[in-house]
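Q: Got a minute to look at this one with me? Let's go through it piece by piece.

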Amino acid sequence: MILEEILQVLILIGLIISGYLAIKFRDLLACAIALGIFSFLLSLEFYILQAPDVAIAEAGIGAGLTTAIFILAIRGTSRWEVEE
Amino acid sequence: MRNALLCVALLVVLGCLLYVSVNPGDFGVSRGEHLAFGEPKYTDMDDYFIHNGQNQTGANNIVTSIVFDYRGYDTIGEASVLFTAVLGVGVALRELRKRRDKNDE
Amino acid sequence: MMSKIVRTQASFLYTFILIFGFYIVAHGHLTPGGGFQGGAVIATGIALIAVAFNFSNVKRWIKKTHLTAAEGIGLLTFLITALIGIGTSFFYNWLANSGLIFGQRVSYGVNPGYLNTAGTLPVMNLAVGIEVFGGLGVIILYMLNYVKEVRNDAS
């Protein structure tokens with residue numbers, strides 16, 4: 001039980017860190033990967049909270065499909081974020 | 001200034017998540033009753049689904065039997081939302097492509 | 001087009017992603033998952049192919065009209081399956097506990113999980129899976145229209 005809580009706290013800290021990195025990076029490809037890690041950690045959290053259906057949906061759409069669509073959009077535009 | 005606001009907002013979110021995960025006992029308190037985290041107060045509907053779902057629909061996965069059988073109208077709404085979203089994406093992107101072709105000529 | 005390592009891995013993993021998606025769809029009434037999740041996993045396979053390979057090849061392999069047809073057929077099958085039970089009510093599970101296909105009776109409690117159960121739920125799972133796969137695949141293929149072809153790759 002205490003191990004599960006420690007794991008949960010670690011996952012929540014990882015969520016905050018990856019969400020902060022996603023807006024901090026200048027390389028947009030790294031941002032997309034950070035968002036993918038965010039979705040993966042969120043699906044892990046859903047699984048720990050005993051919602052495996054939501055976890056599969058989050059892992060499939062958030063970590064797989066959205067990252068791929070972001071990568072396609074980055075390849076269609078430019079990779080580096082520019083200052084206005 | 002903007003970065004400081006951002007850090008404060010992120011810290012507030014982190015604090016709320018950590019509070020709920022570390023100290024779950026206060027989350028379900030109502031009128032002096034202490035419930036554990038994830039244990040709802042009113043469970044009549046849950047008990048009905050859990051005890052009758054397998055008999056009535058035959059599915060082991062209660063979530064699927066709720067989504068597709070007991071609450072099928074929600075699934076119709078979700079499928080229509082996806083259909084409409086794809087329709088919107090198709091309309092928007094197709095129009096742009098024609099305009100670019102016209103400029104190339 | 002990405003490097004040779006990415007292409008080899010994508011063509012290797014594509015099969016397993018598809019099999020996993022079909023497994024989630026087909027076992028939607030027994031294990032966690034269902035039509036929406038399985039369709040999303042299958043669409044992830046299409047996205048992997050679209051990211052890894054040459055875009056003109058991808059447009060030649062995966063036709064947009066097929067995916068649009070899959071989306072329409074899935075939604076139509078879902079609605080028709082729900083409409084057949086309208087004698088009792090909309091979304092009435094007219095196949096469950098009937099002894100026909102998908103009609104095996106299951107009592108309350110732990111069981112090893114039989115595929116031949118749950119009435120119209122597997123049909124609806126399959127329909128929604130086809131619909132979600134078609135819809136998300138069409139979105140990815142529309143995104144491909146605006147990607148410039150990068151030709152500085154050595155391989």
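Q: Which residues touch the most other members of the largest nonpolar core?
A: Ala40(C), Ala43(C), Ala47(C), Val132(C), Leu136(C) and Ile140(C), out of 63 residues in that core. A nonpolar core here is a set of buried Ala, Val, Leu, Ile, Met, Phe, Trp, Tyr and Cys residues joined through C-beta atoms within 7 Å. Buried means 20 or more other C-beta atoms within 10 Å of a residue's own, with C-beta atoms placed from the backbone.

Q: Which helix gives the most to this core?
A: Helix α5 of chain C, residues 121-143, with 15 residues. Helices are DSSP runs of H or I, at least four residues, numbered from the N terminus.

Q: Is this a predicted model, and how's the numbering done?
A: This is a predicted model: local features need pLDDT of at least 70, side-chain atom pairs count only at pLDDT 80 or more, and totals for chains, interfaces and linings use all residues. Residues are numbered from 1 along each chain as its sequence is written, while chains are lettered from A and ligands numbered from 1 in the order written.

Q: Back to Val132(C): what is it in contact with, leaving aside neighbours within four places in sequence?
A: Leu82(B) from chain B, plus Gly35(C), Phe36(C), Gly39(C), Ala40(C) and Ala43(C). Contact means C-beta atoms, placed from the backbone, within 7 Å.

Q: And chain B, how many helices and strands?
A: Four helices and zero strands, in the pattern α-α-α-α along the sequence. Strands would be DSSP runs of E, at least two residues.

Q: How much of chain B is buried?
A: 16% of its 105 residues.

Methods
A residue is buried if 20 or more other C-beta atoms lie within 10 Å of its own, exposed if 12 or fewer, and partly exposed in between; C-beta atoms are placed from the backbone. Two residues are in contact if their C-beta atoms, placed from the backbone, lie within 7 Å.
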